[in-house]
Amino acid sequence: MCCDLKRRFLLLYATQKGQAKAIAEEIWQQAGAHGLEADMHCISEMDKYNLETEKDPVVIVISTTGTGDPPDTARKFVKKIRDTTLPPDHFAHLQYGLLGLGDSEYTFFCNGGKTVDRRLQELGAQHFYDTGLADDCVGLELVVDPWIDGLWLALEEAFLLQKEKEGMSSDAVSSSLSAAPYVGHELNLSSEVQNLKLEDERVRSADVLTQKLVDIHLVASARDYCEPSLVHSVPPVSQSALNIPALPPEYIEVQFQDAHGENPHLSSLISEGTTFEVPVTKAVQLTREDAIKTALLLELDIADTVFDYQPGDAFCVICPNNVSEVEELLHILGLSEKGEHFVCVKVKQGTKKKGAAHPQHIPERSTLKFILTWCLEIRAIPKKAFLRALVECTSDAGEKRRLQELCSRQGASDYTRFIRDSNVCLLDLLHAFPSCKPSLNLLIEHLPKLQARSYSASSSNLHQPGKLCFVFNIVEFPACPARPVSRKGVCTGWLAKLVAPLLHPNKNTLDTKGESSSTEKISIFARPNNTFHLPADPSVPFMMVGPGTGISPFIGFLQHRQKLREDHTDWEFGETWLFFGCRHQDRDYLFKQVYYLACFIENGTLTHLEVCFSRDSSTAEVAPPKYVQDVIRLYAKEVARVLLKERGYFYVCGDKKHMADGVSDAVADILSMEMEVDRLEAMKILAMLREAKRYLQDVWS
């Protein structure tokens, strides 16, 4: 009994959208096969564990949200361990291993995990296993899978050391350790794929213990030599024995009821703050019809609410799934006639799932159509655990095998290529594998919460009281071999359809004054940004870089500055720069016609406007710069002066991968050149500017 207790470890997860929890559940499931007991809790449940007295090894799986923040579920924990009164040996007794999840598209990669890891080290805690940092940009599984593989030997060694420290006999642990397969746990785990090339035999030997071995020998056919696709594989995958994940235990039970009653209000689905239902009062298309992307400006009336914001803040729009996709899903599931029926969702009695609970994003009672429309992200890219569950719902042997391949270790590259990178969703899978007939409870168990979409405010409450504006591109997903139909973004497609009467009014939608009588409303809630705001001192200069829709928050900045200049003529105001770029001057130069950027120049609100057009041809002897990062380099001395001599601010908003990184490189080069220091020193200076909140980014991937 004593030995069993000593083979327990504490497993904590901190999740924002469910990814870290799913990985923790995988660790919990595998622990049993290794004769270990994982005591799993959400890190927010601080009444169920106590790190101050914890003697067993601790495993932490933590994601990152926003621009580098710990997930909401970890905020109290992080605040607690950041207490400056804690002594440096506060956690000297603690042995832990940490797996951080992040996306290298963002500047502060895995910062949630790094923050916790760094603070635990400062308080004396010791690693029993190297920290892993998994990158969603290239596929979390590239780090997660080998990290979990190596965890078990590291835990065994931690238990052995623990027993030696306690002066107890270690015979039992030594014998189990000698029987365990060798998995070198000193992994150099990094987000870089090239550092993750584990020897195939080592991985395979560990898999035998932790995953079901599927050995299906298919007769070689002509298709084995064709190109692989979502539904077809080629050697070696098609001829391999497969290591597939353990089948996740079912834990949800769905009961259909009558069709009488009312669905819950949308506000009940949101835990992040107060929701406001507000009318859309204006919609303007900012791009020409022949532009590659269509950008819309929407104006919301918030006059009758207490909703408040500052320029630079973001807010969230609660959006539904596409109506036709919901109907299509109901049809495939054979539940079209049940759409308006209320369902009761309960936890299945006797389930083997650890900590099974009613999903918080699913109402206690609502119609099936309401759940599929407002609660579940039916467009989510299916995770491997979901694919594994779908295997059991598939009757055709060939389809079953292919789904097994896609969730297996051997089929990892196929999963990345045909599911992850192709943005394949559940509907696509059900069309591709027609013999797959999942149950409703399986969808509720595996589809994540439908997330509200975040947008930057493109207005100033000071300049336009009672109004809130925002700008977005209508997201387009073109058809591809893995997904034969094109789609629009969940939220942007819905908004575009919603405001169509405002964009294209006709005699049926116009009132007697010729204005649109549409009163469509949307539900929003605040998501304040703690740092992406104007300098508190108006005399401090600042530079703004916002190509495409990245210009959105800067319109709010300039409106706010214009109003301050009008109201405080005796104040001193610093110079302002805006670097804007788009493809074509005459097609997608946003706000050129709507807010007239030239007016900000004319009235002195904007002192410098520099623009570039990446797809316009030029007859000039010296070709003009195509991208904002190229324009910035032309003003190297001014950038250095504003940032270094005048202690100004530098704001970047827009695409991370193709713009923000290029701007960061340009600024680093400018600092290196103007300060006559090497590149490394320039990057350190840039890092200091970030730390001082004077180089600020609001970017997306």
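## Sheets, helix packing and cores in the predicted model

In the strand pairing that opens this description, M543 stands opposite W577, a residue of strand 21. The structure is a predicted model, and the pairing in question joins strand 20 (residues 542-545) to strand 21 (residues 576-582) in the parallel sense over four bridges. Both strands belong to an open sheet of five strands, arranged in the order 22-21-20-23-24 with parallel pairing. At the edges of this sheet lie strand 22 (608-613) and strand 24 (695-700), each of which pairs on one side only. With direction ignored, neighbouring strands of the five-stranded sheet are turned by 10 degrees against each other on average.

Two helices that pack on this sheet may be described in turn. Helix 17 (residues 552-567) touches strand 20, strand 21 and strand 23 (649-655), and the direction of helix 17 makes about 150 degrees with that of strand 20. Helix 21 packs on the sheet through contacts with strand 20, strand 23 and strand 24, its direction making about 155 degrees with that of strand 23.

Helix 21 is also engaged with another helix. The axes of helix 20 (residues 636-645) and helix 21 (residues 656-675) come within 9 Å and cross at roughly 85 degrees; since crossing angles of 65 to 115 degrees count as roughly perpendicular, helix 20 and helix 21 are therefore assigned to that class. The contact is formed by A636, K637, V639, A640, L643 and L644 on the side of helix 20, which meet V667, I670, L671, M673, E674 and M675 of helix 21. Classified by residue type, the contact of helix 20 with helix 21 comprises ten nonpolar and two charged residues, with no polar residue.

Within helix 21, L671 merits separate description. L671 counts as buried, with a relative accessibility of 0%. When neighbours within four places in sequence are left aside, the contacts of L671 are with L644, E676, V677, A682, I685, L686 and L689. For one of these partners, L686, the C-alpha atom is separated from that of L671 by 8.1 Å, the two residues being 15 residues apart along the chain.

A further open sheet is formed by three strands in the order 9-13-14, and here the pairing is antiparallel. Strand 9 (252-256) and strand 14 (365-367) are the edge strands, each pairing on one side only. Neighbouring strands of this three-stranded sheet are turned by 35 degrees against each other on average, again with direction ignored. Strand 9 pairs with strand 13 (residues 342-347) in the antiparallel sense over five bridges, and V345 in strand 13 is the bridge partner of V254. Helix 9 (residues 368-375) packs on this sheet, where it touches strand 9, strand 13 and strand 14, and its direction makes about 90 degrees with that of strand 14.

Turning to the protein as a whole, the model contains 22 helices and 24 strands, and buried residues make up 51% of its 701 residues. Among contacts between residues at least 6 apart in sequence, 78% join residues at least 24 apart. The largest nonpolar core has 52 residues, of which L329, L387 and L390 touch the most other members. Not counting residues up to four places away in sequence, L329 touches L372, I378, L426, L427, L430 and L443. A second, separate core of 30 residues includes C42, L99, A134 and V143. Burial is also marked out along helix 15 (residues 490-498), of which seven of the nine residues are buried, so that helix 15 is largely enclosed by the rest of the structure; these residues are V490, C491, T492, G493, L495, A496 and L498.

Backbone geometry was also examined in the loops. Most residues other than glycine have a negative phi, and most peptide bonds are trans. Against this background, a cis peptide bond joins P235 and P236, with omega about 5 degrees, and P236 lies in the loop between strand 7 (212-214) and strand 8 (242-244). Phi of C110 is positive, near 55 degrees, and C110 is found in the loop between strand 4 (95-102) and helix 4 (111-122). K693 likewise has a positive phi, near 60 degrees, and lies in the loop between helix 22 (679-691) and strand 24. As to accessibility, C110 is buried, with a relative accessible area of 1%, whereas K693 is partly exposed at 43%.

Technical notes. Residues numbered from 1 in each chain as written. Predicted model: local features only at pLDDT ≥ 70, side-chain atom pairs only at ≥ 80, totals over all residues. Heavy atoms only, no water. Axes fitted to C-alpha atoms, helices over the stretch in contact; angles between N-to-C directions. Parallel < 35°, antiparallel > 145°, perpendicular 65-115°, else oblique. Contact = heavy atoms within 4.5 Å. Nonpolar A, V, L, I, M, F, W, Y, C, P; charged D, E, K, R; others polar. Pairing = 2+ DSSP bridges. Core = buried A, V, L, I, M, F, W, Y, C linked by side-chain atoms within 4.5 Å. Buried < 20%, exposed > 50% of the residue type's maximum accessible area, 1.4 Å probe, protein only.
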